[in-house]
Every structure is written in C-alpha cells, then in structure tokens.
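Here are my notes on the model, as promised. Please read them with the structure open.

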Amino acid sequence: MEPKEQSKEKKEKLWFWNWVIASVIFRLVLIYFPKNLNLASRPEVSTPLTSLRRLAEGYWLKQLSMSPYAGSMYHGSPLLLSLLGPLTVKRIEGQPDHLLCSLVFVIADIVNAMLIRATGQNLQMEYTRSLKLLDHVKLSEKPEIIPSGDIAALVYLWNPFTIVACVGLSTSPIENLAIILSLYGACKRQAPLAAFGWVIATHLSLYPAILIIPMILLLGYGTDTPPRKLFLQRRNVEVGDNPPNDRCCEREEVVHRSEVPHVFSWRPVIHFFCWTSLWSVYVLVLCGISVKQYGGLWELFKRTYGFMLTVQDLSPNIGVLWYFFAEVFDFFRNFFLIVFHGNILFMMLPLAIRLKHRPCFLAFVYIAISSMLKSYPSVGDSALYLGLLGLFVNELADMQFSFFLFCGYVGVSLLSPVMHNLWIWRGTGNANFYFATAMAYACLQIILVVESVSAMLNHDRKLRKPLTELQDGKN
Amino acid sequence: MRFKMYGSFRCRMVLLLLFLLLDCNFSNCLADTSSEATMHTNNWAVLVCTSRFWFNYRHMANTLSLYRTVKRLGIPDERIILMLADDMACNARNKYPAQVFNNENHKLNLYGDNVEVDYRGYEVTVENFLRVLTGRHENAVPRSKRLLSDEGSHILLYMTGHGGDEFLKFQDSEELQSHDLADAVKQMKEKRRFKELLIMVDTCQAATLFSQLQSPGVLTIGSSMKGENSYSHHLDSDVGVSVVDRFTFYTLGFFERLNMYNNDSLISLFSSYNPSMLMSTAYYRTDLYQRHLEEVPVTNFFGSVMEMIHTDSAYSLLSRKESFRVEIKMSADKSVPDKKRLMDNPSRLDQISELNIEDQHGALKRIWSTIQKEMEKVEDVDAFVSYGLVLIVPLLTVSMWLTW
C-alpha cells in the first residue's frame, strides 16, 4: 500500500508543479507580445492607483527634483516609487519595454501562489485535526478531500484576471502579495510577518486595514475550526458516555481530547500590535524622508489616502463609484462618500460576530466586499479573492449558483471591453452601456459573497447534525 | 531646577529674537536699494492700437509694424502683449485679404504667418488696458493675456490711435486720460512691475498724454506737442486708405537698418526725428529717467538682449544631487529674497515653541522632534530610502527567527 500512496503523492506533486511552470511560461509568452497586448490601457486593469505608466511618470518627476505627486498622475507610495521606478527606466535592447517590471510582477505572482498553497496546507491540516477531535470519522477521512492549497494556488495562477493584471503592468500583484503575506503570517502564528504584511498592505492601498479583525482572530483563536458549540457538545456527549469506573484516566482523556483552543490567547495579539507599531514607524520614517522636500507626510497622506477616499478621479473603471459621483451634487458629495465607505465598515462587525470561528474565511469575505466597494477597483483585486475562494473548496462544495456565477464572470469579462469600445471608440454607445456591465459585475460579486457565506454556515450546521443525533440517541 | 531652565530659555529666546530682527532689517535694506541693485533680466512690449473702422487702417499698420520690429530684434511672443481694436486684415473692404501693408510698394506683409494677437476687437478697452498694466486681472484670465513683468523688466509701451489734449480715444467710444495713465504707472512702480519703462505715443497732441507722470524710471516720447496734429505719411491708392503715420514711418526707417547686435543709442533715435518731415515736433521727456540717453542702446527697449552669466559646471537633468547643490549655491549668492527668510523664521519659532512645550508634554514629543531633526539632516534621500528598503528583508528574517 505504501509505495502506491507514495507514487500517487509524487504524481500529484508533479502535476501541480507542471501547471505552475506552464502558467509562468504562458505569462512570459504574453509579455513578449507587442506592447503587452495593450492590456495596460484597459480601464479594468489599470486604475489611477495601480497603473505602471503613472508610476513611471511619478519617477520621472522625482528625477527632475519635483514632487512625484505634482500633476495628479501618481498616487501611490513613495517606497514603491523607489522600488519600481528605476526599473521602469531601464531599457534592454531588443526586448519589450518594461520587461524588468513584468518579471517582477511574474515573480510576485509565483510567490503569491506559493504562499496561498502554504496557507491552504496549514488550514487543511488544522481543520482535519479539529475534525478528528470531534470524532467525525466520516468527514475527516473522506477520500475526496481535495488539497485545497494546491487548488487555490492553481486557481490563482490560471485565473485570467490574474494573468491580465500581471501582463497588463498593474501593481496589484504587489498589493496582493502584501495581503497574502499577512494572512500566511497570521496562520503560522508569526506575529512580525503578519504585522509587516498588514502594515505594507495598508500603506499601499488603504482598504486592507479592515483585515485587522481577521488578523486578531487568527492570532488569538487560531485558524478555521468548526464552531465552538460543537466542541462543548462533544465534551458533554463524551462525559455522558463514560461509565463512572475509569473516571480518573477517562477524565484526562476527555480533557486532552477537547484541548481545542477556545480561549482567546492575548500574547500573540499583543506581539502583533507591538510589531505593527514598529513596522509602521519604520515605514513612516522612510516615507517621511522620501517626501520631506515635497511637503512632508501630510502632503503625502492628502495625495494618496485623500485621493483614494475622496474619489477625485472619475475615469471609468469596473466599479460603481465613478458613475455615481459624476452626477451627484457637490452638496451631497461628502455624504455619499461616507455612505459608500461606511458600507464596507458596518459589514465588518456582524460578519466578525458570525464568522469568528473561521477567520480566514472572514478575511476572504472582507477582501471581496472591499474590492467591490473600493474607490478604484480593478480585476487584480478580484484575482485575489477568487484565489482565496479556492482555499475553501471543501467546505463550499455545495455552494448554490456556482455555475451561474462562473458564466456571469465570463460574460462580464467579455462584454465589458466591448461596451467600452462601443462607448469610447465607436461612439455608438454611451456610458450607460459600460456602467451596465459594471453593475452586473457588482451584482455577481454580491451573489458570490452571500452564497459563499451561506454555504459555509450550512456546512457548519451539517457538522452539528451527527453530534445532535448522537446526543439524541443517548437521551 | 525649573526656574534655572526657564532663565536659560529666556536668554536663548532674546538672542534669537534679536537675530530675527537683524534678519528683517537686512532684508528690508536689500529691498530699498531699488533699480540700481536689481538686474535687467527681461524685456516686455505692450503694443496698443486703439481705433476701429476701416479708415483707421494706418493705426493697425503702425502697431503691426512695431510688432514685427520688436520680434525681429528678439522679444518673443510670450513677452509681447498685442492689442488690436479692429480686424483690418480680414475686413470685407480689404482688397488684399489677410494682408496688411505699411507702404504702398506692398513689400512687407505685416500680417504674415506669425502674428499673435492677445486682445482683439472689443476686448481692447480702457479697463483691460489698465488691467494689463497694473496686473489686476480676474482669476480666469489666461497667462498669455497678462503682463507678467517683474522688477528686472524693461517695458516698451507703444500706443497709437486718435488723441487730443490729455486724452487718448479708445474704440471711438471711451477715452484714456493722462492722469489715468499716470496712476497706472505709479501703481506699476509701487508693485515693482518694471525697472525701466519707455512710452511711445503716436497720436495728435501726444506729448500731453504723459504730462501727469511722476514715477522714476520712465522715459516718454510723443509724436506731437500740445496744439499740433500728427499726420499720416502717404495714401495707398490701391488699398484706398492711408497706410502709415509719419512718426511711426520714420521710426521704422531707423530700425530697418538695425539688427539685434547694433549698439545705436536712444539719443540717435530721438534725434533722427526731423520736425519738418514729421510736420510736428517729436517731444520726449527725460526728467524721470536717470540714465543718460547716449549710454542706453535702443535694444534696451526694442529688442531683447540678455546678460549672460557663464558657468563652468555642467547642467544635467538626471543627477538630482548636483541640482540640489546648485540651488543652495544660487540662494547664497544672490541677494536673498524675502521668501527664503520667511521660510527660516517659522522653523526658528517652532524651535522656540518646542523648547517651551518640551517640559510640559514629555518624552513622546521629544522623540518625535529628534526623529524630525534627524530626518532633516539626511541629504542623500534616494540612497537612504533604498538602504531602508533593502534592510527590511534581514530585519524580517531576524524577527521571524526570534519569535519562532
């Protein structure tokens, strides 16, 4: 039996790595197409925050001793400017422009996939362990358990959205890298890594700040487990089961068995906060030195976070804010800004209360919501949450409307460039055509979030059933 | 302990205040030594034609001829404000459409391919003219319509049209009076909008227009005195109207033989006017102008010859370090303008306030102020930031290893 299993495992590994290498080769082939297939000019791919062309402009301005934020082209972090700026200028003869930057993004994608795989493996290990503790013999030894880490990594790499975001020279692979790094660090209970990832993710694009709640829950409680009630029920069932004779050794067994961390451990969380403050001071000092000649930190915050929060650029993208803010009256503008951003914020608490036993899934839901309601969404954001969706393949196997969502995503990604062409280039359509696809996309995202949350809660209910049956049986 | 510290703070405060006062006095003294200390840095020309209707063709031709001369001698379009009250070139009565001549031999087409009119038609009003001179525009007025001169500018102001005793007629409906002009020039002097100003007027009784001027640094010449008319030169029977005025005709005759490098002085220009040929007396006023006219070349006003400062250092776009150092050198050399002083003052005041607040707010403020001071000291920003970024990786690995 053993050699067969080993060869099976080897085959699986080989299969996985083959697909990874194939995706890398595919990306490199696409990069060598002329002008990156003009993907960088698509509004779905490059937004005012993620466009590499704007970064190059900001770098050029900085080289001329002017503020990189002059002229309202570049709105990102000065650290990213120092990192990617010199690469945008270097040109190698005979190779396509921005080859070095594209290679950086490809490497970022590979690292993302590896981190997702590691997170998935960690999650799955913990989950099977907690299922064993519940004595769910059926579920924990199901032969059909798919390695969710591998699946998620492959979904991330082969998602057309990710490929388009990578080849289309947008900086979203790097933002995704920061978010996934923080999730991985939190799953592995590595407070400095998690803090670093969170600080960099918030610094680059403000919205990952809401991931602090899943971070705290991950560090405090641990990774995704079935709800705590089940463990308490299990303990009651066991205590009721055992005859009063071997109480001394049984009690130890009982105590040992239900040794699932119900208790919120504060130490990792405090470590996390300490490291967060350290890393944020570090990043702020570096940024402050970078921009000290151009108005200092306040100017930096106005131009980056102020730009993100006040939605100053109303060029069309795949989100819903641009259309709305193009027609809202000035008097109500601030009110509606608060409404849109508040929508993200007041979903946080109820979801956190309901899903506190599954922090990774909570992080996925937060990322999905924020990428729908953020000021300048792009397909790179959806690449991230679709990849993370793969991590929960086993739990969400019974999700409703999955086929509808898949077709919807395909349809929107095909129609959206068509509508954009009709509107801008041919003039036979108008903004409503394009906004219709953006609204359809938002609807699909909402359905995805709602269905995945309900599928997860259904899964939890299903776990409870055998235990209640057991209890009823005894009673 | 506290009182001792307070005492030393007080001494420091007093010393710093004294230093500030000295600084302010210094900058004030620098500001007072006006035109001798400031360098002549640029030339501007404001050319105004104030009459409309087809029979005033010659006024348009006057202005366009002077526009051409001034451009030929070096003043670029960005520093010329050309105001034409009517459109003769594309007038329905013009036999030669899009062409304006100032001589019956039709040698020169003044309305060639490079004419940039800033104020046209009904925009040429007394109000706009005074706004141009004083620089008081509405916010929406574009830069090309503004006189953006500074204290190192030499301005040529040429006006032509119909005039009389102490007035100049605009658009046949309103008039600019001599005290209006004098008031505008006084405002310009107050706001330091020119170093030297030459006003040249070609109308009837032109010299009366600047009888009220009192600002120093102004040189004026008019085509006729009080009681005299200025006449047109000749009639072009083909076009059907007179095409040039006598005063401007002889001025152009003087300039046609010149180029950018000639050193002819203003006195040669002014003495070239022959009263019998002009049929009027060209009168000029030099009591407000300090320099001797023999020493001033005509290109001082009519052309644009800049003073060159040779440096041996290379000028490169891409190395920011050098440009930063060059900035510092330049600010040390020149008479430091008030802006730099104002920038220094707040930081010193901040330091004073910091010293006062320190013992009240405690450790955090102190740490932040020390961090800020250290940040100010860093000169090579790029290298520091890249080192900082590279340092993240080992820091991260060490921290992970520590908390494994």
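The points below go from the whole of one chain to its annotated site, and then to a surface patch on the other chain.

1. Status. This is a predicted model. Every value below is computed from it, so please read the numbers in that light.

2. Chain B overall. Chain B has 404 residues, and 42% of them count as buried. Its secondary structure comprises 11 helices and 12 strands. Take the contacts between residues at least 6 apart in sequence: 74% of these join residues at least 24 apart. The exposed area of chain B is about 22,900 Å². Carbon and sulfur atoms supply 57% of that area.

3. The annotated site. Which residues carry the "active site" feature in UniProt? The record, an unreviewed entry, places it at B:H162 and B:C204. They are spread over 43 residues of sequence, yet they cluster in space, with a largest C-alpha distance of 6.5 Å.

4. Where the two residues sit. B:H162 is in the loop between β4 (153-160) and β5 (163-164) of chain B. B:C204 is in the loop between β8 (196-202) and β9 (218-222) of that chain.

5. Accessibility. Is B:C204 buried or exposed? Its relative accessible area is 19%. The cut-off for buried is under 20%, so B:C204 counts as buried. B:H162 has a relative accessible area of 25% and is therefore partly exposed.

6. Surroundings of B:H162. Set aside neighbours within four places in sequence. B:H162 then contacts B:T50, B:S51, B:N56, B:R58 and B:H59. Its other partners are B:L168, B:K169 and B:T203. B:N56 deserves a second look: its side chain makes a polar contact with the side chain of B:H162, at 2.8 Å.

7. Surroundings of B:C204. The same exclusion of neighbours within four places applies here. B:C204 is in contact with B:G163 and B:G164. It also touches B:S224, B:E228, B:N229 and B:S230. Note that residues 163-164 are β5, the strand that bounds the loop of B:H162.

8. A patch on chain A. Which residues form the nonpolar patch on the surface? They are A:I21, A:I25, A:V29, A:F33 and A:L37. Together they have about 440 Å² of accessible area. One of them, A:I21, lies in helix α1 (residues 2-31) of chain A. With a relative accessible area of 49%, A:I21 is partly exposed. The cut-off for exposed is over 50%, so A:I21 stays in the partly exposed class.

Key:
Residues are numbered from 1 along each chain as its sequence is written. Chains are lettered from A and ligands numbered from 1 in the order in which they are written. This is a predicted model: local features need pLDDT of at least 70, side-chain atom pairs count only at pLDDT 80 or more; totals for chains, interfaces and linings use all residues. Side-chain values use heavy atoms; hydrogens and water are left out. UniProt positions are given in the numbering used here, feature names are shortened, and annotations may be inferred rather than shown by experiment. Helices (H or I, at least four residues) and strands (E, at least two) are DSSP runs, numbered from the N terminus. Buried means under 20% relative accessible area, exposed over 50%, partly exposed in between (1.4 Å probe, protein chains only). Contact means heavy atoms within 4.5 Å. A polar contact is a pair of N or O atoms within 3.5 Å; within protein, one must be able to donate a hydrogen and the other to accept it, and residues adjacent in sequence count only if both atoms are side-chain atoms. Accessible areas come from the Shrake-Rupley method with a 1.4 Å probe; for residues, only the protein chains shown count as cover. Patches are made of residues with over 30% relative accessible area and no salt bridge: like charges are joined within 9 Å, nonpolar side chains (Val, Leu, Ile, Met, Phe, Trp, Tyr) within 5 Å. A salt bridge is a side-chain nitrogen of Lys or Arg within 4 Å of a carboxyl oxygen of Asp or Glu.
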